[in-house]
Every structure is written in structure tokens, then in C-alpha cells.
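Student: Hey, got a minute to go through a model with me? I'd like to talk about contacts.

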Protein chains: 4
Amino acid sequence: MTEKKAKRQLLLDAAAEIFARKGYHATRVSEIAERAGVAKGTVYEYFRTKEELFYALLDSWLTQFEHELSEQLTGVADPLQQADIVREAAVMFYCRHAAHAPIFLEFWAHALRSIDSRFLERIRRFRQFLLDLGCRLTGELVARGVFLPVDIPSVVYLEAGISDGIFLLWVLSGRNFPLERAYVFRQSVLGLGLLSDAARKQLQGKLRQKLQDGFLSEP
Amino acid sequence: MTEKKAKRQLLLDAAAEIFARKGYHATRVSEIAERAGVAKGTVYEYFRTKEELFYALLDSWLTQFEHELSEQLTGVADPLQQADIVREAAVMFYCRHAAHAPIFLEFWAHALRSIDSRFLERIRRFRQFLLDLGCRLTGELVARGVFLPVDIPSVVYLEAGISDGIFLLWVLSGRNFPLERAYVFRQSVLGLGLLSDAARKQLQGKLRQKLQDGFLSEP
Amino acid sequence: MTEKKAKRQLLLDAAAEIFARKGYHATRVSEIAERAGVAKGTVYEYFRTKEELFYALLDSWLTQFEHELSEQLTGVADPLQQADIVREAAVMFYCRHAAHAPIFLEFWAHALRSIDSRFLERIRRFRQFLLDLGCRLTGELVARGVFLPVDIPSVVYLEAGISDGIFLLWVLSGRNFPLERAYVFRQSVLGLGLLSDAARKQLQGKLRQKLQDGFLSEP
Amino acid sequence: MTEKKAKRQLLLDAAAEIFARKGYHATRVSEIAERAGVAKGTVYEYFRTKEELFYALLDSWLTQFEHELSEQLTGVADPLQQADIVREAAVMFYCRHAAHAPIFLEFWAHALRSIDSRFLERIRRFRQFLLDLGCRLTGELVARGVFLPVDIPSVVYLEAGISDGIFLLWVLSGRNFPLERAYVFRQSVLGLGLLSDAARKQLQGKLRQKLQDGFLSEP
DNA sequence: CATGAATGAGAGTTCATTCAT
DNA sequence: AATGAATGAACTCTCATTCAT
């Protein structure tokens, strides 16, 4: 039972490694098998098709992230603190999968073309999960007067877009800057833009400093 | 001569249409030929391989954008006005290629895996073009005291990431919001975050209104 | 011991069912195992290969028929009565295996191509068994003056061919007529053709009526 | 145009040869290609799948037979003469395809199992063609008082069954007797059984001689 | 005896590319 | 320059068979 799961995971790990290095289409099922130390046929004992294996990888990553984030948020009430947790979780997630980063681009590209709609659905479900969370947090910050009165969904959408954009930037630029600092930087810019006058007064100094520091140079 | 160029363009247009609808790998060279109204073999008179055709498409789009933007900026001195031109050019570019949007994801994914490094190099050259432009503009705005003193490259990097991120958001969400308004919204948030106290005072009202409006609902 | 035989029979029955429905090549060994309620590997405890299982099925059916017919003929002296018994046994055999009918076509086809010559040999042995029987019966009928003087082997060959032909007709036409009546009809036609003048006079009325009735309409 | 048809025929001939020798399933597409002197891929320029090639073979044979028989019957009025033409055409057809004989068994077996219903439909259409013809001929013979009053469809069905049965016999026995003589023998037996008293008187002598001669020994 | 996970040879099929016309 | 028939390497996936447990 548990051994079956372990071997499944082994295959997923092997697949991640090869997919990341060669891309979905250039990856041969036989390579994945070889990497996992099993025969080609064995892959098909665990996944019906190559595409299913690809999907299983996407699903396992997103599910794991959703679970971990949910857990970490349990018991935390303060929305600002929650926002930090979300950011950290995202960064941690991306960093853990740093070597697999290019796969995400392929998940996205694949989602837009495959007849298999599960990819797009799964990604949208994940995004919805984050958007819901973001709306809750942002809504509370607006309600408490920390943020200016804004159109909450728009802000949350924008934030989501920015997150992916930074990730894209990071991947395409050859991962030549620390992802975490970029996310902090983003938070500072957005913060300065969205904070109410009162909140701004309090945080201004720290945030402006961060803007001056940037995220490209070594700290 | 010019007829040769015209047919080349015909093939590029056909390729764009099919690549967008089916994706690079699912597209057959024969389909492109059929769509362009020529025989399969003719494609190879104009492009050595399928990948070269794909690259030519990327290159033609980016080159066109670079040319157009350079032209439009010629003779405009005011950096704020220039920033508007850049934003408008980007939106126009994306909108013109709205139907081809998914191809960009594939360009990016392809750039990260193909043995053919031209893809990555070409994309980086394009980004560098935009980053240089952004640094010049932002630098001037900082110099003039419109923007706070910030680490200019970081801000420009961030803006670039945000642009792509919004585009990604737009594509993955099924293009269900107006791209232009999202870019304006982005500008407002960043503006409020980056403007110096003096500049902020002047523009605050208009920008805050935009934050309240958002970009998701019909105007 | 006997349990071993019982499970072997269980597997043969399962195989017959699946082979009949899907055909030899489209049948998976795992399906047979599943149908028999055992594990895939167990099949190989009883039959060395899939083809051997197929052969065992053929053999079991033909052997059973040979045994049954031999038993039923024991103690019956009258050749006309014996002919009836043979015909009835054949019909009973075919009807019992009505659901498996298409398998016979595959046995025949298989016999003509398999490297494994046992199929062809077994089928020929079976045919020889019937031909010998037929020659004995027909010979006696000729000797007694019931039949015209004919080349006995040719008649018996023809009868055998007709039997298989009717069966083939029955299978390919979707089994849309009663097999038994077709065999009776055949007997009448052949009878009228082969009977001596004396015998014909006696049976003519009954046989001609049967020709008028045919075997396609409901009686 | 015509060259395309010629190559198609080349492939059909090659396929017939290999299918006949090895059977449908044991035949590799590459073998057919090799035999036809083309590359494997070329086969797929002419036939979408292996099964389609198999079907095309069946169709080409049956269609050819239908055409030839129709032509030969044109202008012949006498039903007895027509019956002879049909018999001769069938024998000629079988003899021309003697080397491919085992394929017919596979066509039949395939028709009963393939999801592709075209096989069964095509075979049934062919049989219907022959049955219609047979009914017309037999009907006329009955009307003219040559045959006894009989249930015409039953007789024709039986004759069709007998034809296939003799063919089966011939194939399974290793084609060790002359097919034509067997068909003549069959005709004699059936004739003696079906002829009216008047007609019988006339033909009796010749037919009985044929029964004595049989078809197994050399003439 | 029974199991069923693992195997891996081998199948049909695809399609970018070539090249004689 | 344009064609499209021909190519054949390379792919994914199947499934009869094995064998450690």
C-alpha cells in the first residue's frame, strides 16, 4: 500500500527532474523510467498516459501548497501577519521547486491548449483558492482602515498577476536575483500605494528604505 | 523580391493562427501550408525548419514592437508622456495579438528548453530593450523629483514583471477583463507607491479614484 | 486433484466467454483471470501460454463431442438411425456452444496460420473421426440399396462441408434461423438426391413437403 | 493519378500475399511495405490504418467479383446457363485467390469481432448480392417446372452455405482436391434432389454418373 | 499454490523533412 | 520557385509472461 505510494512519488520526482530539464515534449517516458530505476512499462502501471503523469505532477504540487498554506494559516488572526505567511509560503514553495521552475510555464502553456481540460481547471481552482484568500485578507485590511478604500478584487487580481510576473521574471532572467527579496520589494511598493494615510505615516520610513535598497544587489 | 517577402509574411500569419489555436507541438507543418494556400514543401523554401519558422514569428513580432515604439517615442521629451506611450504601445501590441496570446507562453517555455538558444537570447534582448528604456524614464522621473529616491533597476524590473504578470493573468483567466484598464490600474497603484510627496499631492485624487474603480467591472 | 481440474474448467469457461465476445487477439489474459475470479498469474499455473489455453479450449470441445457421440452410438445398429443420432449430436453441440460460435471461425483461421501445428492437426483428427463415421454409415446405406451407388468419400466430404457451411451461414447471418431445421432441410435435399429409386418412392412425400416448408420461416 | 492507383494496387497485392501467409495479426505493416518495395510510412499515405488496408483488400476482391459476374451474366437469358456462369465465376474467383484462401476465414472472423462494422456489412452486402441472384435463378427454374416446388430462399441459403462449406473444406484439407469438380459434384447432388420428375428423367443418367465418379480421385 | 507488480520487446502510427519532377 | 509523394526515425503505449513473495 504505502510502498505503492512511495514508488508513485519516486516516479513523480523523476518526472519532475526530466520535465524540468528537457520540457514535456522532449521528455521520453523511457527516460523517466530509467531515472526512476524502473522499466518503461512500470510507468504505465502508475499513470495511464504521459499526460496523466504530467497532470499528476501539477496536481501534487498545487495540492501540497494548498494544504501547507491552510495549515500555516490556522490559528493566525491578524491579516497583516496572514499576508506575510502567504508570501512566505509562496516563496518557500517556489524555492523548493526552483529547479523545476520552467515546468510551471509548461503547465500554463499546456493548460491553454490541451484537449484535457483538467489542466486549466486545476490551475484555475488553485488561483481561485488564492484569490479567495487574498480577497478575505485585503477586505479586512480595508475594513480596518489600513488600506485605502479600493476595489478589492482588482487589487487581489493585480497582486496575483504580480506574483506570477515576478516568478516569470525570475525564471526568464536565469534566476539571478533572490526571489524572496523581490517579493518583499513588491510588498513595499504595493504597500506604499495602497496604505491609508494613517498607516502610511507609521510604515513610511521602513518601506521607503526598502525601495531604495531594491532587490537586485546583494544586501 | 517583394513577392518573396509577401509570401513569407503570409506563411508567418498562417503559422501564427495555427500555433495560437493548437500550440507549437500539435501544429503540423502541413496545416500551416494548407492555411497559407501553398504546398508543404514550399514552407521549407522560406524556413529551414519548423522551429525556425517559430523563431521567425517571435522575432517578427518583437522587432515590429521595438520599431514601432522607437518611432513613437521619437521627438517626445517628457518622461511622463513617454511612459504613457510605452504603456499604450504595449497594450496595443498585446491587443493586436490577443488571438495569439497563448503563443507567448510557448515562446517563453520554448526559450527555457530548446537547444536553440536564439529564443532565449531574443527574448532577453527584447526585455533588455524595455529595461533600458524603463531605466531611462524612471531615472529621469527620480531625478526630477517626481518619484521617490528608489533603486531604479529594481523598480523597472518589477514593472516589467508586473506587465508580463498581468498579461499572464489575462490569458489564463480567459481574457475576461479589459487589458488596457488593468494596465492603467497597475500604473495607479505603482504611482501612488512611488510618487514623491509633492507629486502625490497633485495626483492623489485621480489615482485614488482609479483604485476605487478597479478594472474588473464595466466602466 | 479434482479441485485442480475444476479450476482448470473454470478457466476454460471464462476463456470461452471472453474469446467468444472479443476474439482471440482482443482478449487479454487478465480479463480471463478476472472473469474466472483468479489472479493473472494463476492462469499460467494451468496453461503455459495464452495460445495453449486457446488450444485446450478447442481440444476440450472436440474431445467432448467425440466422446458423447461415441457413447450415443453405442448399441445402435441401424445406419439410418445412426445418421439421425449424428445429426442430432452435431446440432446439440452447436446449440450448446451457440454463444461461442464465432470462436470456431477463429479456431479454423488460427489452425491455418499458427506455427503451432497442433490446431490444424486436432481439427483434422476431428474431421477424420467424423469422416470415418460418415463413410461407415454411407457405405452401409449404399450396400443396403438405400442410397444410389456413389463415390462414398466424396459424398461424406460433401456432407461435412455442408455441415460447416450451414454453421458458417448461421453465424454470419446473425443466427437468425433455427439451426436444427436447417440441418433437417439439408438432409431432405441430400436424401432426395442420393436415395435409390426404391427408397425414394417410400420417402418422397415427406421429403418434398420439407423442401416446400423450408427452414427460414417459423414452422 | 493512375500511378497512384497502381501503387495502391501494389500495396494491396503485397498485403494479400503477407496476410495470406501469416494472418492479419501476425503480419507487420513493415513487412507489407518491404514486400511492396516502399517505406513503412508510404503505406499510411494510401491507407489510414492497418485495418483499413485489410478492409480495402476485402472490398476490392468482392467488388471485382460482383463486377465480373454482372458482366458475364449480361445478355444470357437461360437460367440454367446463368447458374453455370455463377458457378464458374465463383470457382474462377476462388482459384485466382487460391493462395489467399485463408484470408477469407480471417475476413469472416474479423467481421464478427471488429468494432469496425464495415467488414460485416460488406460481407453481408456481398452475400445479399448472391442471394438475390440465386433467388431469381431458382425462382425461374421452379416456375419453369425444372425444379420441384420448394421454398426458394431456403434452397438458395442452403446453396450459399454449401458453397462456403466446400470452400472451407478445401482450405482446411490443404486444398487437396480440385475445387471445380467438387462444385460440379455438389450441383449434381442438389440437382438430383431438387429436379422435378420430368427434368430428372432427362438428366438422371449424367448426374448419377457424376455421383459415382466423385471429385476426390483424379478423373 | 496463488499472487500481481514488474518487465521489455515490439506494435502501429506520426510527421518533419527531402528531393525528383 | 513550387510541389507533394516518399521517407524512416522515433514516439507512446500494450500486454503476454515472469518470479519474488
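Tutor: Sure, let's go through the DNA strands, the domains of one chain and the chain contacts.

Student: What should I know before reading any values?

Tutor: This is a predicted model, where local features need pLDDT of at least 70, side-chain atom pairs count only at pLDDT 80 or more, and totals for chains, interfaces and linings use all residues. Residues are numbered from 1 along each chain as its sequence is written, chains are lettered from A and ligands numbered from 1 in the order in which they are written, and side-chain values use heavy atoms, with hydrogens and water left out.

Student: OK, DNA strand E then. How many residues surround it, and which are the closest?

Tutor: DNA strand E is surrounded by 32 residues, and the closest are A:Lys7, A:Lys40, A:Thr42, B:Arg28 and C:Thr42. Of the strand's atoms that come within 4 Å of the protein, 71% belong to sugar and phosphate. A residue is near a strand here if one of its heavy atoms lies within 4 Å of it.

Student: Which atoms of DNA strand E does B:Arg28 approach?

Tutor: An N or O atom in the side chain of B:Arg28 is 2.5 Å from a phosphate oxygen of DNA strand E. For D:Arg28, a side-chain N or O atom is 2.8 Å from a phosphate oxygen of that strand. As for the elements, those giving two or more residues to the surface near DNA strand E include helix H1 (2–22) and helix H3 (40–46) of chain A. Helices are DSSP runs of H or I with at least four residues, strands are E runs of at least two, and both are numbered from the N terminus.

Student: What does C:Gly41 have 3.1 Å away?

Tutor: A base nitrogen of DNA strand E, with a backbone N or O atom of C:Gly41 on the protein side.

Student: What's the class mix near DNA strand E?

Tutor: Ten nonpolar, eight polar and 14 charged residues. Ala, Val, Leu, Ile, Met, Phe, Trp, Tyr, Cys and Pro count as nonpolar, Asp, Glu, Lys and Arg as charged, and the others, Gly among them, as polar.

Student: And DNA strand F, which residues are closest there?

Tutor: A:Arg28, B:Thr42, C:Arg28, D:Lys7 and D:Thr42 are the closest, out of 32 residues that surround DNA strand F. Sugar and phosphate make up 72% of its atoms that come within 4 Å of the protein. A side-chain N or O atom of B:Lys7 is 2.7 Å from a phosphate oxygen of DNA strand F, and for B:Lys4 the distance to a phosphate oxygen is 3.3 Å. A polar side-chain atom of A:Tyr44 lies 2.9 Å from a phosphate oxygen of DNA strand F.

Student: Switching topic: what are the domains of chain A?

Tutor: The assignment gives domain 1 (1–47) and domain 2 (50–213); such bounds come from an automatic or database domain assignment. Their C-alpha centres lie 29 Å apart. The contact (heavy atoms within 4.5 Å) takes 15 residues from domain 1 of chain A and 15 residues from domain 2 of chain A.

Student: How much area do those two domains bury between them?

Tutor: About 1,300 Å², 75% of it on carbon and sulfur atoms. Buried area is the accessible area (1.4 Å probe) that two parts lose on being put together, summed over both. In domain 1 of chain A, A:Phe19, A:Tyr24 and A:Phe47 lose the most area to domain 2 of chain A, together 45% of what that side buries.

Student: How many salt bridges does the rule find across that interface?

Tutor: Zero. A salt bridge here is a side-chain nitrogen of Lys or Arg within 4 Å of a carboxyl oxygen of Asp or Glu.

Student: Now chain D against chain C: how many residues does the contact take from each?

Tutor: It takes 55 residues from chain D and 55 residues from chain C. They bury about 4,600 Å² between them, with carbon and sulfur atoms giving 69%.

Student: How many salt bridges are counted there?

Tutor: Four are counted between chain D and chain C. C:Asp197 forms a salt bridge with D:Arg208, where the closest N and O atoms are 2.6 Å apart.

Student: Last one: how far apart are the nearest C-alpha atoms of chain A and chain C?

Tutor: They are 14 Å apart, and the two chains do not touch. Chain A and chain D do not touch either, with their nearest C-alpha atoms 22 Å apart.

Key: A polar contact is a pair of N or O atoms within 3.5 Å; within protein, one must be able to donate a hydrogen and the other to accept it, and residues adjacent in sequence count only if both atoms are side-chain atoms.
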